[in-house]
Amino acid sequence: MANLCRAQGVKPRMARQRGSESTMVPQAATTMQGEDPADKIVRHAGMLSDHLQARRKQMYPPDAQKSLRHFMIHEVSRLTSIPESTLKLMSNEGKGPVPARLENNHRAYTLAQINALRELFAAQRPADALRFLPHRRDGEHLQILAVANFKGGSAKTTTSAHLAHYLALHGYRVLAIDLDPQASLSAMFGAQPEMDVQHNETIYAALRYDDERRPISEIIRPTYFTGIDLIPGNIEVMEYEHETPRFLSKRQAGSDSIFFERLRLALAEVEDAYDVVILDTPPSLGFLTLGAIYAATGLLVTVHPAMLDVMSMSQFLLMMGDLISVIRDAGATMSQDFLRYVVTRHDPMDQSQVHVVTMLRHLFTDDVLTSTAVESAAIETAGLAKRTLYELEPGNISAATAKRARESIDAVNDQILSLIKRSWGRA
């Protein structure tokens with residue numbers, strides 16, 4: 001606990017809000033003789049921030065909003081289990097939500113309309129209501145999933161974003177929380193951390209120790225992806241890592257236990273509005289990650305099947321074990337329904353990766369998900385546009401590549417959903 005609670009001596013400098021109208025061509029860095037490295041970092045940060053904001057303005061004009069594609073009738077049938085023939089008949093008879101007509105005259109529904117169909121069929125067929133509208137019922141606890149590992153490149157954010165989208169597409173109410181100061185998950189949902197996330201609008205606002213603390217409901221924002229709300233991140237979340245040691249050093253009554261309970265207590269304020277909370281944790285084992293582990297009902301450890309990554313994960317698990325001991329020594333209890341290792345960026349043709357996956361399955365048996373997330377150009381292409389596979393329009397990439405990647409991600413997410421259902425006591 002001594003290492004964990006060591007006060008930090010230097011606070012990170014908050015990124016400045018910049019509004020340059022620079023073009024897409026970055027200005028060359030000017031060389032300044034004798035420039036202090038710290039000053040150079042600040043200058044480079046400003047240059048890169050200006051350039052990225054210019055790119056964003058060109059790709060997404062100031063009044064543009066990220067939007068979700070429409071879904072074809074065969075996709076709607078697969079997502080809702082409503083037969084295509086029934087959907088076509090309803091559309092012809094003017095019943096239920098009215099789908100859009102594409103240029104080829106095919107019917108297409110928004111996700112909001114798909115959810116309206118779910119509600120309609122759940123009301124009409126009470127005995128099958130759970131099949132159409134899978135929201136958790138009385139007695140089924142909120143599922144809080146922490147996606148963790150402090151090794152960069154283990155695909156935590158990619159896993160978090162795809163899982164959030166998958167659950168929302170299947171009718172679940174999701175809250176995604178970005179605990180990482182790099183805020184990659186926020187960017188995936190269209191929230192640029194330097195422009196769209198202002199002071200006291202991250203999870204830090206709900207966890208802080210002073211009178212500026214806000215109810216968590218005030219910092220939750222809706223997203224373009226129906227069914228998913230977001231608490232974005234930016235460098236401000238690092239303030240919690242600096243404030244907590246100072247708070248603990250005061251040795252206030254109850255402070256030894258309350259600091260890692262703050263996230264769970266905050267989530268309890270809004271638990272009735274959601275089925276699943278997804279926590280995208282930072283690549284470190286600090287106070288935020290500790291709070292996420294304590295709050296979690298399910299822990300997903302992402303691992304790239306390379307020996308250096310597995311060695312790093314070994315240290316991560318050892319340190320996490322120490323943190324869990326700290327929680328228990330403080331008299332608190334953890335109630336996690338499951339721990340699973342998610343193999344990511346997997347190339348099944350790479351024999352060294354096959355060896356690593358085999359080793360993990362031998363050591364951890366059923367705690368390693370059977371399905372793996374394959375390494376795919378489709379995922380990379382989607383990521384460049386800050387999208388998941390579920391958002392890709394037909395034609396963005398070859399059909400075969402997209403199909404293979406989608407099947408892989410679907411299989412991983414389906415296994416995680418099965419674990420959630422099992423924790424709720426559903427068959």
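1. Two strands are said to pair when DSSP finds at least two bridges between them. In this predicted model, five bridges join strand β5 (residues 174-178) to strand β8 (residues 276-280), and the two strands run parallel. Within this pair, D178 stands opposite D280 of β8.

2. The β5-β8 pair belongs to an open sheet of seven strands, whose order is β6-β7-β5-β8-β4-β9-β10 and whose pairing is mixed. Strands β6 and β10 form the edges of this sheet, each pairing on one side only. Helix α15 (residues 399-423) packs on the sheet and touches β4 (143-148), β8, β9 and β10. The direction of α15 makes about 180 degrees with that of β10.

3. For the reader new to the structure, some overall values may help. The secondary structure of the protein amounts to 15 helices and ten strands. Of the 427 residues in the protein, 47% are buried. Among contacts between residues at least 6 apart in sequence, 78% join residues at least 24 apart. The protein exposes about 20,600 Å², and carbon and sulfur atoms supply 53% of that area.

4. The β9-β10 end of the seven-stranded order deserves separate attention. Strands β9 and β10 pair in the parallel sense over six bridges, and V303 stands opposite V343 in β10. Together with helix α12 (residues 307-329), β9 and β10 make a right-handed β-α-β unit. Although β10 is an edge strand, five of the six residues in β10 (residues 338-343) are buried.

5. T297 is placed in the loop between α11 (287-295) and β9 (298-303). Is T297 buried or exposed? T297 counts as buried because its relative accessibility is 8%, and buried means under 20%. Leaving aside residues up to four places away in sequence, T297 touches H141, L142, Q143, I144, S335, Q336, D337 and F338. With one of these, Q143, T297 shares a side-chain to side-chain polar contact of 2.7 Å.

6. R208 offers a second example of a covered loop residue; R208 lies in the loop between α8 (204-207) and β6 (221-222). R208 has a relative accessibility of 5% and therefore counts as buried. Not counting residues up to four places away in sequence, R208 touches H199, N200, R213 and R262. R208 and F259 are 51 residues apart in sequence, while their C-alpha atoms are 9.7 Å apart in space.

7. A further open sheet consists of three strands in the order β1-β3-β2, with antiparallel pairing. The edges of this sheet are β1 (71-72) and β2 (100-101); each has a single partner strand, so one side of each is left without a neighbour in the sheet. Two bridges join β1 to strand β3 (residues 107-109), and the bridge partner of F71 in β3 is Y109. Helix α3 (residues 84-93) packs on this sheet, touching β2 and β3, and its direction makes about 95 degrees with that of β3.

Conventions: Residues are numbered from 1 along each chain as its sequence is written. This is a predicted model: local features need pLDDT of at least 70, side-chain atom pairs count only at pLDDT 80 or more; totals for chains, interfaces and linings use all residues. Side-chain values use heavy atoms; hydrogens and water are left out. Helices (H or I, at least four residues) and strands (E, at least two) are DSSP runs, numbered from the N terminus. Buried means under 20% relative accessible area, exposed over 50%, partly exposed in between (1.4 Å probe, protein chains only). A polar contact is a pair of N or O atoms within 3.5 Å; within protein, one must be able to donate a hydrogen and the other to accept it, and residues adjacent in sequence count only if both atoms are side-chain atoms. Contact means heavy atoms within 4.5 Å. A crossover is right-handed if, with the strands pointing away from the viewer, the path from the first strand over the helix to the second runs clockwise. Axes are lines fitted to C-alpha atoms, for helices over the stretch in contact, and angles run from 0 to 180 degrees between N-to-C directions. Accessible areas come from the Shrake-Rupley method with a 1.4 Å probe; for residues, only the protein chains shown count as cover.
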